[in-house]
Amino acid sequence: LCVNKNNQHVQATTQLAVPVNSHNEWDPLEEVIVGRPDGACVPEFTTEVKATTNEQYWNFYKKFGGGPFPKQHLEKVKSEIDEMCNIFRHEGVIVRRPDIINWSEHFKTPDFSSPVGLYSAMPRDILIVFGNEIMEAPMAWRSRFFEYRAYRSLLKEYFNAGAKWTAAPKPLMGDELYDHDYPIENMQDRKYVTTEFEPCFDAADFMRAGRDIFAQRSQVTNHLGIEWVRRHLGPEYTIHELTFRDPNPMHIDATFNIIGPGLVIANPDRPCDQLKMFENAGWTVVQAPMPTISSEHPLWMSSKWLSMNVLMLDEKRVMCSKTEKPIIKMFEKLGWWIETVQVDITFANSLGGGFHCWTTDVRRSGHLQSYF
Ligand code: NVA
């Protein structure tokens, strides 16, 4: 027992180190979860996979869907990501990894079945931290239904150490969640392959800037999903829904990447309809330079814009691709004195993510503020 300022006796709580604490994308990074390529499987070529992947790879999905990604490619991914972990450690960041899971098992729920799970390569897609709360996103691809299993050891550990742990309601992912007549050839009409039958979202469709959270309705995040997050977080936060001229949105972090208090990297191919709102708030919006990755290099699950999918180690250090020279130049010229920590994850990019996607920042020193 101890005495508080009103002279009342209260139970003293042991001062535990906070296991989970992150409010934005740039405060000094202390602990990060880095994904694993181990056992990654190619999803079955379902409606939602077709709607979210580039046509040039549809044959890849038809051929390999339901089986593993090419083994030799995964070995290269593994060594790149191991090196990325070493670089994090060298920069003073604690690295945590998900469990190794056998993704090749066929699974069935009362509502659907799937020949394989996907992977635990992209923790950003499934986990998001709001303050001391770590949240599992429900996901929208059937192959990702059980992806949370890879993170349960870590989540239990964070929970036992005092973190708040939330799992957003899982969609049933029955046929009603998908528009099976999704007009793939006519993507300009802003139609989405997911319906509003029930809430669904991927965590990577949300970008955090303290009390302001920016989200997009995408192929995997519906309005009900965004509304669920809004009601869950309550009045302390404002959830802004952003729209982009992007015929096929999925994950906001290669479209609009907030890298500092009032500093955004924007994708020139996908202009933001609400740009004025940021300009009025005095934010700086920098257009990302064109990516340089070769068209010969397989990007099975994303566009080339992974070049702007960078991760801030703090306001002045950015982890970015060693091979994307134009964006390195952009940081040098920015005048915000940002130092680049250059890492090569070209083969890891093939699984659909850059540095932001391959990680979830569990702890950044800092507190909840308003920047908007
Ligand atoms: N789906 C988006 C984001 C990937 C992180 C893209 O391919 O650009």
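**Reading a loop, a helix and a core**

Colleague: Met139 lies in the loop between β8 and α5. What is the sign of phi at Met139, and is Met139 buried or exposed?

Modeller: This is a predicted model, in which local features need pLDDT of at least 70 and side-chain atom pairs count only at pLDDT 80 or more, while totals for chains, interfaces and linings use all residues. Residues are numbered from 1 along each chain as its sequence is written. Helices (H or I, at least four residues) and strands (E, at least two) are DSSP runs, numbered from the N terminus. With C-beta atoms placed from the backbone, a residue is buried if 20 or more other C-beta atoms lie within 10 Å of its own, exposed if 12 or fewer, and partly exposed in between. Met139, although not a glycine, has a positive phi of about 70°, and it counts as buried because it has 26 C-beta neighbours inside 10 Å. Met173, in the loop between β9 and β10 (206-209), has a positive phi near 60° and counts as buried with 25 such neighbours inside 10 Å.

Colleague: Which residues of helix α5 are buried, and what lies on the face turned away from them?

Modeller: An α-helix has 3.6 residues a turn, so residues three or four places apart point the same way. In α5 (residues 152-160), the buried residues are Leu154, Leu155 and Tyr158. They cover an arc (that of the directions from the helix axis to the C-beta atoms) of only 95°, which puts them on the same side of α5. The face turned away from that buried side carries the exposed residues Lys156, Glu157 and Asn160.

Colleague: Against which strands do the buried residues of α5 pack, and what follows the helix?

Modeller: Taking two residues to be in contact if their C-beta atoms, placed from the backbone, lie within 7 Å, the buried residues of α5 pack against β3 (29-34), β4 (94-96), β8 (133-136) and β9 (164-167). After α5 comes Gly162, with a positive phi near 115°.

Colleague: Which residues touch the most other members of the largest nonpolar core?

Modeller: A nonpolar core is a set of buried Ala, Val, Leu, Ile, Met, Phe, Trp, Tyr and Cys residues joined through C-beta atoms within 7 Å. The largest has 98 residues, of which Ala40, Ile134, Phe256 and Ile259 touch the most other members. Helix α3 (residues 71-90) contributes the largest share of this core, five residues. Leaving aside neighbours within four places in sequence, Phe256 has contacts that include Met207, Phe214, Leu242 and Phe244.
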